[in-house]
Amino acid sequence: MRQKPVIIVNFKVYSESIGENAVRLAKVCEKVSIETGTDIRVAVGATDIHEVSESVSIPVYSEHVDEYPLGKHTGSILPEMVKTAGATGTLINHSEHKVPLGKLEECIERSRNLGLVTVACAENVEEEQAILGFKSKPDFLAIEPPELIGGDISVSSARPELITQSVAAAGKTRGVRLLVGAGIKTLADVETALRLGADGVLIASGIDLASDPEKALKEIIPS
Ligand code: G3P
């Protein structure tokens with residue numbers, strides 16, 4: 001049997017994947033996870049964490065946490081808040097919602113101390129290496145070239161060398177698993193990422209916007 005990827009479906013804030021659609025999509029992800037025996041996790045908007053986590057048994061992560069401490073920070077989304085809402089992990093530093101590099105390690109450490117699984121995002125190998133140099137390391141490092149996010153050309157086809165380089169950089173760091181993302185849409189994209197040494201993928205539009213998300217998800221899972 002071929003290696004099964006870890007798949008994190010990032011719901012972002014598409015109308016197709018927020019509110020009641022977030023619950024519907026999470027249930028699809030859960031169904032495919034059970035039917036195919038694949039480790040599928042979902043990252044959802046903060047306002048959907050509670051309802052989604054009550055509705056499915058697969059891991060539900062926050063798409064973001066802010067670096068601020070508890071206190072006078074109106075509108076912030078803090079690790080303590082997403083945990084209370086039911087999240088068991090969080091993306092941190094997605095290129096669409098960065099955390100200042102100087103605060104990133106603290107943010108990872110604080111989330112880890114709360115028992116949250118941490119998925120730190122990096123735009124390139126330099127940022128990846130900075131994160132891997134932290135004393136408090138994330139559970140996952142997700143590398144995504146921003147220019148390919150949301151498009152039809154995947155990181156696997158356009159930037160395979162980025163996967164190879166980031167695998168090499170992460171390989172020296174025990175305990176950090178590597179995900180790649182941006183433009184992932186096909187089984188070939190996933191298989192290339194795995195063949196080059198990634199542990200899985202971070203995917204959004206290929207599933208969130210698919211006319212049949214169940215079919216789209218099943219199609220990218222190696223049998
Ligand atoms: O976090 C995943 C995301 O940024 C990739 O987006 O739409 O290119 O799969 P997409």
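**View 1. The ligand shell by residue class.** In this predicted model, the shell around the ligand divides into five nonpolar, five polar and two charged residues. Its members include Asn-10, Lys-12, His-94, Glu-144, Ile-149 and Gly-150. Ala-182, Gly-183, Leu-202, Ile-203, Ala-204 and Ser-205 are also around the ligand. Lys-12 and Glu-144 belong to this shell, and Lys and Glu count as charged.

**View 2. Polar contacts to ligand oxygen.** Lys-12 reaches the ligand through its side chain: an N or O atom there is 2.9 Å from a ligand oxygen atom. Gly-183 uses its backbone instead, with an N or O atom 2.7 Å from an oxygen atom of the ligand. Ser-205 places a polar side-chain atom 2.5 Å from an oxygen atom of the ligand. On its own, the ligand has 310 Å² of accessible area, and the protein covers 100% of that.

**View 3. The cavity that holds the ligand.** The ligand sits in the largest cavity. A search of the whole structure finds one cavity of 30 Å³ or more. The largest cavity holds about 120 Å³ of space. Its lining is made up of 16 residues. Nearest the cavity centre are Lys-12, Gly-183, Ile-203, Ala-204 and Ser-205. Two elements, β8 (200-203) and α9 (205-208), each give two or more residues to this lining.

**View 4. Chemistry of the cavity wall.** Seven nonpolar, six polar and three charged residues line the largest cavity. Lys-12 is among the residues nearest the cavity centre, and its side chain has an N or O atom 2.9 Å from a ligand oxygen atom. Gly-183 is another residue nearest the centre; its contact to ligand oxygen, at 2.7 Å, comes from a backbone N or O atom. Ser-205 is likewise listed nearest the centre, with a polar side-chain atom 2.5 Å from a ligand oxygen atom. Ile-203 and Ala-204 are nearest the cavity centre too, and both are around the ligand.

**View 5. The largest pocket.** This pocket has a volume of about 250 Å³. It is lined by 15 residues. Val-13, Gly-45, Glu-63, His-64 and His-97 lie nearest the pocket centre. By class, the pocket lining has four nonpolar, seven polar and four charged residues. The ligand itself sits in the largest cavity.

How values were computed
Residues are numbered from 1 along each chain as its sequence is written. This is a predicted model: local features need pLDDT of at least 70, side-chain atom pairs count only at pLDDT 80 or more; totals for chains, interfaces and linings use all residues. Side-chain values use heavy atoms; hydrogens and water are left out. On a 1 Å grid over the protein atoms alone, a cavity is a set of points where a 1.4 Å probe fits but cannot get out, and a pocket is an open set with protein on both sides within 12 Å along at least five of seven lines; lining residues have an atom within 4 Å of a point. Grid points are joined across faces, edges and corners, and a volume is the space filled by probe spheres set on the points. A residue is near a molecule or strand if one of its heavy atoms lies within 4 Å of it. A polar contact is a pair of N or O atoms within 3.5 Å; within protein, one must be able to donate a hydrogen and the other to accept it, and residues adjacent in sequence count only if both atoms are side-chain atoms. Accessible areas come from the Shrake-Rupley method with a 1.4 Å probe; for residues, only the protein chains shown count as cover. A molecule sits in a cavity or pocket if more than half of its atoms lie within 2 Å of its grid points. Helices (H or I, at least four residues) and strands (E, at least two) are DSSP runs, numbered from the N terminus.
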